[in-house]
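Trainee: I would like to check how the labels on this model are justified.
Mentor: Pick a residue, and we will set its value against the cut-off.

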Amino acid sequence: MGDGDRQADVVVVGAGPAGSSAAWHLARAGRDVVVLEKARFPREKVCGDGLTPRGVQALADMGVDTAGWVRHRGLRVTGGGRVVEVDWPTLDRWPSHSLVRNRRDLDAQLAAHAEAAGARVVQEVTVTGPLLDEAGRVAGVRAEQGLGREPVAWRAPLVVSAEGLSGRLGKALGLVRREDRPLGVAVRRYVRSPRTDDAYLDISFDLSASGPSADSMPGYGWAFGMGDGTSNVGYGLLDRRRGTGAEPRAVLREWLATLPPEWQFGEEHAVTPLRGAGLPMALHRRPAYTRGLLLTGDAAGTINPFNGEGISYALETGAMAAEAATEGLARPEGPAREGALRRYPARLREEYGRHHRLGLAFLALLDRPELVRFATAHGLGRPAMVNAALRLMGNLSDGRDGDRFDRVVAVLTRLAPAV
């Protein structure tokens, strides 16, 4: 590949859901876009593998074929000694089902979908930093590729960082993670289990024999049937290395020990090692646009603080970044282009900032184990309350056009200051 081939309108770094979404939307808009992926597909990615109705809608908007994917009708929530099954809400704006797809297959399919739309996807390319022009503006990326780790440069007037938590490009421009924003950590493994075909996604707040504890809150355990003979079993917790020192792997094992042996969630039934990953939340790195670089997905910290959901927001912000880049490139270099691109961070705050603020308040409540015990013991027996909580945590609403609950949430959201 010659230097002339290493040019594009937009370089996207990372071929996860955010990067592939951005690339697909850019290619559909007629832009020459290249995606640089450091691994080779199929590759592993630590995740719960669940796509809520928001994610299902984002995939539908992209025309992704989800035929044959495992569907779930709702959540089964365990807490305070109670168990309740609640279906996803029936709304005008969102589908009424969720999907499960392991990231090994999902990411490869999304990258191929972007490629089919006209994007160039180049694998086994490690981006090492931004390429800057004389004015200090991003003009592409520096990278290493091939077995010989050949240093190369990819040039483009705009770069989209879909690198995930590492955010190497953002850091190089001084966009470091805000320490006052929560960082989650998740651990998970796949186990061979008879519950693989369960119609509900299991969520548990009873993470020990005595219920929630200071070490396990704020957090929850999950078990998602994959439909292939296995279940994705894991646990998500706020990063407490600067606090109590709780070890997520130990909490996960403690929770699994409380479950019935016939579910086969224990280590003796594991088919993969236990792996962990960070969950950046609440727009933790900002601004999401500066000097030719747009941050999207986990690189911008768009994971929902209420539930740790990331795929949906990666897909959505990938589309938003592509829209901003398309609008910017349609304008001449200078103030007009910059004005269009700078609207992207404002849009992220408008779309998610207030919901994330409510999510931070929710995390503060979950930090009190006695309150979690009381809420689950008394709240899970009230289906309407559980349904309302599911809608709020999942950011699933028809807005002011919806029912009374939607209108209440719309008011709360408008009153909450954006993060």
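Trainee: Why does Asp180 count as partly exposed?
Mentor: This is a predicted model, and in it Asp180 has a relative accessibility of 48%. Buried means under 20% and exposed means over 50%, so Asp180 falls in between and counts as partly exposed.

Trainee: What makes Asp180 and Arg181 a salt bridge?
Mentor: Their side chains meet at 3.5 Å, N to O. The cut-off is within 4 Å, so the pair qualifies. Arg181 has a relative accessible area of 7%, which is under 20%, so Arg181 is buried.

Trainee: Why is Glu37 called buried?
Mentor: Glu37 has 4% relative accessibility, and the limit is under 20%, so the label holds. Glu37 forms a salt bridge with Arg43 (3.2 Å, N to O). Arg43 is buried at 13%.

Trainee: What does the pair Arg54 and Glu316 tie together?
Mentor: The side chains of Arg54 and Glu316 meet in a salt bridge at 2.9 Å, N to O. Arg54 lies in helix α2 and Glu316 in helix α6, so the pair ties together parts that are 262 residues apart in sequence.

Trainee: Why is strand β9 described as largely enclosed by the rest of the structure?
Mentor: Six of its eight residues, 125-132, are buried, so the description follows. β9 pairs with β10 in the antiparallel sense over seven bridges.

Trainee: Where does pLDDT stay under 50?
Mentor: Over residues 241-245. Where pLDDT is low, the predicted coordinates should not be read in detail.

Notes: Residues numbered from 1 in each chain as written. Predicted model: local features only at pLDDT ≥ 70, side-chain atom pairs only at ≥ 80, totals over all residues. Heavy atoms only, no water. pLDDT = per-residue confidence, 0-100. Contact = heavy atoms within 4.5 Å. Buried < 20%, exposed > 50% of the residue type's maximum accessible area, 1.4 Å probe, protein only. Helix = DSSP H or I, 4+ residues; strand = E, 2+ residues; numbered from the N terminus. Pairing = 2+ DSSP bridges.
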